[in-house]
Amino acid sequence: MALQNEGCSGEDVARCPACDGIEWTTVGDEASAFAENAAGRRFHQPPYAIRRCAHCDLYFKSRTLPLEQLGLYYASLDSATFDMSGDFPTDRFLRIQLDRLRTGSRVLDFGCSTGRILQLYSDRLQCLGVEPNELAAAVASQRGIQIVREDQLPLVAEEGFDAIILADVYEHLPRPVALVSTLARLLKAGGWLAVVTGNADAIRPRDRLAEFWYFRVVGHLQMLSERHASWLGRRVELELEVLHRCSHYRLSFWGRARQFIQWSLYGQFQHSPGSFTATILRRIPRLRDAERWSTTPALTYRRDHVVAVLRSRAVAARPAGSGLRDRVAGQ
């Protein structure tokens, strides 16, 4: 198996990815390195801490893979993993917003993957998507979504969009505000932009924030906070209309119980190895196996996500598409 960044120390993130600020504080303890496999390649996330921007309140990793390695990582991901079935709470809330749109409304899903969100609306709405993964884009196209490249958006956005979806993308972007600002300019007057991503405010205990499952993904670079969502709206000149808190995944009672037990076991052995509880756990078969776990177990049932709905003003400040056209022209 090829090791793409074996021993890589990563890149230090000294400036906030959102506002480029240099004032930040470290939240909690540093997390250990970990690795992910993708398409026969192994990608190593170096040890990192979580930094909280003093200006815009974004939470971001102190070290990440270099940009070229991140690009290779995304290109190596299996598109089949994007086509997860399940009634995600985030998707359910997005459907409420989409159901309110008039027939014929134009909707853009930026980072649409296989078209999971818009596939139910392709017969009623004009559904467009941007998706760089060719296999995932092919599936979305079969589901009635018109796939366009990012550099084609100036041509298809002349009329503007009634709604734009940015689901599970914000956390991956080395410069997230640049994209959100561009998309905001593609909205019709009164249109909305929905940003679906993780919410760092929901994570407890704070000293284990770096170990939370969301940051134990190589491509997850940051989490917003509710204050950051408000800041983002002001920055891109949109109004934060709704901030819906929910979990990303829907689990049964027993699924939640299992995750909680695993999380608790890991915490005992890693953070209180000399405690009386840890001593007792070492005597119990299977439970003592948790002492050898190298990765923090996931807690995916908490309300650790938000859907931030940002609304355009009633009167458009600039023609739709002009911001992106200027950016592309300058490339």
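Salt bridges, counted wherever a side-chain nitrogen of Lys or Arg lies within 4 Å of a carboxyl oxygen of Asp or Glu, number 13 in this predicted model. Side chains of opposite charge can pair when their charged atoms come close. Because the model is predicted, local features need pLDDT of at least 70 and side-chain atom pairs count only at pLDDT 80 or more, while totals for chains, interfaces and linings use all residues. Residues are numbered from 1 along each chain as its sequence is written, and side-chain values use heavy atoms, with hydrogens and water left out.

A helpful place to begin is Asp 57. This residue forms a salt bridge with Arg 52, with 2.6 Å between the closest N and O atoms. A salt bridge also joins Asp 57 to Arg 227, where the closest N and O atoms are 3.6 Å apart. The latter pair links distant parts of the chain, 170 residues apart: Arg 227 belongs to helix H6 (residues 226-235), whereas Asp 57 sits in the loop between strand S6 (48-53) and strand S7 (59-61). Helices (H or I, at least four residues) and strands (E, at least two) are DSSP runs, numbered from the N terminus.

The accessibility of these residues adds to the picture, with buried meaning under 20% relative accessible area, exposed over 50%, and partly exposed in between (1.4 Å probe, protein chains only). Asp 57 is buried, at 4% relative accessibility. Its partner Arg 52 is partly exposed at 34%, and Arg 227 is likewise partly exposed, with a relative accessible area of 43%.

Another salt bridge brings together the side chains of Arg 311 and Glu 241, at 2.9 Å from N to O. Here too, distant parts of the chain are linked: Arg 311 lies in strand S16 (residues 305-311) and Glu 241 in strand S15 (residues 239-246), 70 residues apart. Arg 311 counts as partly exposed at 23% relative accessibility, and Glu 241 counts as partly exposed at 41%. Returning to Asp 57, salt bridges that share partners join this residue, Arg 52 and Arg 227 into one network.

The strands around the loop of Asp 57 can be placed as well. An open sheet of four strands runs in the order S3-S6-S7-S14 with antiparallel pairing, two strands being paired if DSSP finds at least two bridges between them. Strand S3 (24-31) and strand S14 (222-223) stand at the edges with a single partner strand each, so one side of each has no neighbour in the sheet. S6 and S7 pair in the antiparallel sense over three bridges, and Arg 52 stands opposite Tyr 59 in S7.
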